[in-house]
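Here are my notes on the model you sent round. They go point by point, from fold to contact to core.

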Amino acid sequence: MTTTASRPDLEFAPVAAVGGGLLHELRAIGIVWQRDMVRVLADPARLVSSLLQPLLFLFILGAGLTAAVRGGTGGADFKTFLFPGVLITGILFTAVFSAISIVWDREFGFLREMLVAPISSSSIVIGKCLGGATIATVQSVLIIALAGTVHIPYRFTLLIGLLGIVFVTSFTMTAVGLVMAARVKSVQTLMPMVNMLLMPLTFMSGSLYPLGPQAPQWLDLVARYNPLSYAVTAARTIVVHHLPADDPTRQLSHPLTWLGWPVPAWLDVIVVAGIGVGLLSIACLFFARTE
Amino acid sequence: MRGIDLDVEPGEVFGFLGPNGAGKSTTIKMLCTLVAPTEGSAQVAGLDVVAQRTAVRRQIGLVFQETTLDEYLTAEQNLKFHAAIYGMPRRIVGPRVDSVLDLVGLADRKSSAVRTYSGGMKRRLEIARGLLHSPRVLFLDEPTIGLDPDSRQVLWRYVDELRRREDITVFLTTHYMDEAERCDRIAIINHGTIVALGTPAQLKAEVGDDRVRLVTPDNAASARRIAERLKIEAAPDGDALLITVPDGEGFVPRLFDIGISVQSISISRPTLDDVFMAHAGRRMGDEEAAAAPRHWMRAMNR
């Protein structure tokens with residue numbers, strides 16, 4: 001019998017031998033993402049409570065408005081119209097707050113543990129962004145499941161399309177949160193700022209009323225500069241596309257226009273994604289410089 | 001920082017001492033690549049902290065003054081997170097996690113959320129995490145600050161265990177003298193420069209001799225006798241006599257040889273506090289005591 005020179009549990013980890021590079025960075029992105037998942041799963045109440053706002057908008061505001069606006073909508077159920085808007089705005093807070101957790105990490109020191117590691121700070125930021133997008137998308141599944149209650153058919157292409165739009169939108173909104181989190185160092189300051197940003201974005205996105213010829217011209221104009229309008233319009237376009245040809249809700253859905261040219265839904269999504277990638281790059285830059 | 005010139009040997013436990021604000025943490029931050037030095041250079045494990053920043057980071061383990069754990073994750077999850085961002089080979093992560101948790105005595109708590117840990121346990125977990133990727137150098141910035149005396153004892157037991165089991169250099173800062181005593185070598189820093197460097201024994205020997213304090217029935221007579229027979233001056237110090245000699249313990253029998261009758265006697269060696277006093281002109285604890293709110297409260301309650 002031979003005994004090994006060192007106890008097996010004290011095996012020396014040859015860290016220096018590990019190549020850095022892309023694989024290592026991808027693994028870091030993965031673990032940052034995974035940590036956000038673990039924390040959400042440990043606290044499912046957070047996910048459920050964030051569903052309250054969209055449900056209120058859809059079934060309370062929607063029910064109230066359906067009766068009041070029936071004359072102007074050709075008899076459409078206003079809830080059907082509201083659904084895509086509520087779906088998109090319902091993920092905003094989840095996405096932005098998930099980015100803001102990086103400010104908590106800074107306050108509780110964990111950000112430092114990540115920043116002193118032999119990885120690029122961009123990997124942390126990207127992992128966070130994907131984490132926020134995933135959490136918001138999972139949350140939206142619960143809302144999408146309610147589509148049938150507002151006369152929207154469960155079609156595979158519709159569900160996949162909506163999930164895709166939701167993911168891209170929440171990715172972009174998490175990037176918004178990350179840019180803010182890079183600059184604002186305290187949660188107390190950040191919370192009111194998030195409200196100040198998200199409320200106008202929500203109200204000027206056409207999520208709760210139709211844009212286009214039915215809206216005041218100035219509002220229709222302002223909405224074109226709001227990234228959320230593109231997300232809401234894309235979601236509404238794909239929903240309406242799956243409704244029966246005679247559904248009056250179709251009359252309330254209009255594409256955004258650039259100098260009179262109607263922007264197709266796929267381009268809406270690209271606009272949102274482009275803004276997201278741009279903001280994420282800015283966030284990466286901020287974190288690389290300031291921490 | 002005004003300029004520090006320092007070599008730390010591989011495998012030693014090196015203590016960096018000084019009062020708050022002396023530049024201990026700044027030095028550590030430079031060595032850990034968190035702050036770039038404005039001039040001069042530093043190498044850690046043979047790598048330059050500015051030019052080879054990422055390589056240095058792979059070779060060092062860090063334990064900061066403040067906690068940097070995710071308290072909502074379990075100990076094991078915290079360690080696995082660390083393993084991933086340090087790029088450890090996947091197959092060794094599991095055994096290595098168990099090994100470092102075992103080293104700091106937390107193996108049975110690895111599945112508990114960190115928020116259920118005591119302060120001492122958190123600090124031990126941080127040391128385990130600092131060791132996880134087998135760094136060549138472990139930096140401990142005030143590792144026992146805010147811990148109760150029992151936890152400090154326990155923590156030091158693990159540091160001693162660590163140097164026995166791992167091939168690693170430990171660089172730590174502290175302002176506790178009793179902790180400095182446990183280091184192989186120490187540097188004392190004040191106002192951004194090193195004022196003393198050496199083993200604790202060397203530094204204390206440099207400061208001076210042992211002090212023998214004795215009380216006799218007639219101090220004046222005894223002093224005269226010691227001066228005549230031993231050619232050593234015994235200075236009055238309150239109701240006692242104070243004698244400084246290089247070897248206090250060897251000196252005491254000689255007093256009996258010349259027939260001095262002693263009522264009480266004590267020998268004291270210079271402490272590191274005396275070393276600091278000699279180099280910086282004040283006590284280590286002075287500003288600490290002045291800044292401690294608890295001390296102030298006690299004064300108020302009186």
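1. A point on terms before the count: helices and strands here are DSSP runs, with at least four residues for a helix and at least two for a strand, numbered from the N terminus. On that basis chain A has 12 helices and two strands. This is a predicted model.

2. The order of elements in chain A is α-α-α-α-α-α-α-α-α-α-α-β-β-α, read from the N terminus. The two strands of chain A are thus written just before the final helix.

3. Chain A has 291 residues, and 43% of them count as buried. Its C-alpha atoms fill a box of roughly 90 × 45 × 35 Å along the principal axes. Among contacts in chain A with a separation of 6 or more, 82% join residues 24 or more positions apart.

4. How many residues does each chain bring to the contact? Chain B gives 32 residues and chain A gives 26 residues. On the chain B side, α2 (53-59), α3 (75-85) and α4 (90-103) each supply at least two residues. The largest share, six residues, comes from α4(B). By class, this side of chain B has 15 nonpolar, nine polar and eight charged residues.

5. The largest nonpolar core holds 137 residues. Those touching the most other members are Val96(A), Leu178(A), Ala235(A), Ala283(A), Ala128(B) and Phe139(B). Helix α8 (residues 156-183) of chain A supplies the largest share of this core, 13 residues.

6. Take Ala128(B). Beyond its neighbours within four places in sequence, Ala128(B) is in contact with Leu79(B), Val100(B), Leu101(B), Leu103(B), Val104(B) and Leu106(B). Another core, of eight residues, lies apart from the largest one; its members include Leu214(B), Ile226(B), Ala234(B) and Leu255(B).

Conventions. Residues are numbered from 1 along each chain as its sequence is written. Chains are lettered from A and ligands numbered from 1 in the order in which they are written. This is a predicted model: local features need pLDDT of at least 70, side-chain atom pairs count only at pLDDT 80 or more; totals for chains, interfaces and linings use all residues. A residue is buried if 20 or more other C-beta atoms lie within 10 Å of its own, exposed if 12 or fewer, and partly exposed in between; C-beta atoms are placed from the backbone. Two residues are in contact if their C-beta atoms, placed from the backbone, lie within 7 Å. Ala, Val, Leu, Ile, Met, Phe, Trp, Tyr, Cys and Pro count as nonpolar, Asp, Glu, Lys and Arg as charged, and the others, Gly among them, as polar. A nonpolar core is a set of buried Ala, Val, Leu, Ile, Met, Phe, Trp, Tyr and Cys residues joined through C-beta atoms within 7 Å.
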